Amino acid sequence: MPRELDLSTDELLSTTRAVRKRLDLDREVPLEVVRECIELAVQAPSGSNQQGWHWVVVTDAERKRGLGELYRKSFERYAASKYFPGNQAGSDSTADAARQRIASSATYLAEKMGEVPTLLVPCIEGRVDAAPSAQSASHWSSLFPAVWSFCLAARSRGLGTAWTTLHLSYEREAAEILGIPYDTVSQGALLPVAYTKGTDFKPAVRTDLDRIVHIGGW
């Protein structure tokens, strides 16, 4: 496989998917490749150029199992809720089938999270627990663009990711596993990182723009 896939900018932006069942759990991800992706990620904008992000790259089997167990516990509660796609049904059989595929994929990742070759926990200095929405938005806007840039860089190198946040229900426990100073550093996500089984990802079906684009106001 070439070091980088031959993708145009538009192809990269439209085919960077949440990858779950097609993660190759048996192929090691070189640390140097992860570092390349992070090096590109930190070119993203950062509020006042503070660059308060931190990137915890987890490859140790015991720590991965610990994070995987926290994720699984949180997923079990989510899977029992009305918000889980597998618990929703409607009159549209096509939409129902899509929801069931998503539910199956999400369940698979919950079972396998601790076995993924590399887990990435992007963090940022400071905490905004119970802060006003403006402060919270400002805080996370200095991390999330960089995290998505990481996902794009990973895709261009044949790696798959999935942006997950369920482990944050146990953020303090995850901080203990990883040695993150919980009181002063916020975790933003948990990304499985692995080479993909095949690289032929396609654009997803999305809502018609006429329903969501508002010109001149709502």
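This report walks through the cores, one helix, the salt bridges and a surface patch of the structure above, which is a predicted model.

**The nonpolar cores**

Let's start on the inside. The largest nonpolar core has 27 residues, and those that touch the most other members are Leu67, Leu119, Val121, Ile180 and Leu190. Two or more residues of this core come from each of α3, α4, β2 and α7. What surrounds valine 121, once its neighbours within four places in sequence are left aside? Its contacts are His54, Trp55, Val56, Leu67, Leu178, Ile180, Gln187, Ala189 and Leu190. There is also a second, separate core of 25 residues, with Cys37, Ala44, Leu120 and Val147 among them.

**Helix α4**

Helix α4 covers residues 93–112, and its geometry is easy to check. With 20 residues at 1.5 Å a residue, the helix should span 28 Å; the C-alpha atoms at its ends are 29 Å apart, which agrees. Its buried residues are Asp96, Ala103, Ser105, Ala106, Tyr108, Leu109 and Ala110. Where do these buried residues pack? They lie against α3 (61–79) and β5 (191–195).

**Salt bridges**

The count of salt bridges comes to nine. Three of them are set out here, with the distance between the N and O atoms of each pair.

| Pair | N to O distance | Location |
|---|---|---|
| Glu69 and Arg72 | 2.3 Å | both in helix α3, three residues apart |
| Arg72 and Glu76 | 2.2 Å | both in helix α3, four residues apart |
| Arg127 and Glu171 | 2.9 Å | loop between β2 and α5; helix α7 |

In helix α3, arginine 72 has a salt bridge to glutamate 69 and another to glutamate 76. Each pair is separated by about one turn of the helix. Why does such spacing suit a pairing along a helix? An α-helix has 3.6 residues a turn, so residues three or four places apart point the same way. Glutamate 69 counts as partly exposed because its relative accessibility is 35%. Arginine 72, at 29%, is partly exposed as well, and glutamate 76 is partly exposed with a relative accessible area of 47%.

The salt bridge between the side chains of arginine 127 and glutamate 171 has an N to O distance of 2.9 Å. Arginine 127 sits in the loop between β2 (118–125) and α5 (133–140), while glutamate 171 belongs to helix α7 (residues 171–178), so the pair ties together parts that are 44 residues apart in sequence. Are these two residues buried or exposed? Both arginine 127 and glutamate 171 are buried. Elsewhere, Glu4, Glu36 and Arg157 are joined into one network by salt bridges that share partners.

**A buried loop residue and a surface patch**

Serine 142 is found in the loop between α5 and α6 (144–156). Its relative accessible area is 11%, and because buried means under 20%, serine 142 is buried. Leaving aside neighbours within four places in sequence, serine 142 is in contact with Pro45, Ser46, Gly47, Trp53 and Ile124.

Isoleucine 215 makes a good contrast to finish on. This residue lies in the segment after α8 (209–212). Its relative accessibility is 75%, and because exposed means over 50%, isoleucine 215 counts as exposed. Together with Leu209, Ile212 and Val213, Ile215 makes a nonpolar surface patch of about 430 Å².

Technical notes
Residues numbered from 1 in each chain as written. Predicted model: local features only at pLDDT ≥ 70, side-chain atom pairs only at ≥ 80, totals over all residues. Heavy atoms only, no water. Patch = residues over 30% accessible without salt bridge, like charges linked within 9 Å, V, L, I, M, F, W, Y side chains within 5 Å. Areas by Shrake-Rupley, 256 points an atom, 1.4 Å probe, with all protein chains shown as cover. Buried < 20%, exposed > 50% of the residue type's maximum accessible area, 1.4 Å probe, protein only. Expected span 1.5 Å × (residues − 1). Contact = heavy atoms within 4.5 Å. Core = buried A, V, L, I, M, F, W, Y, C linked by side-chain atoms within 4.5 Å.
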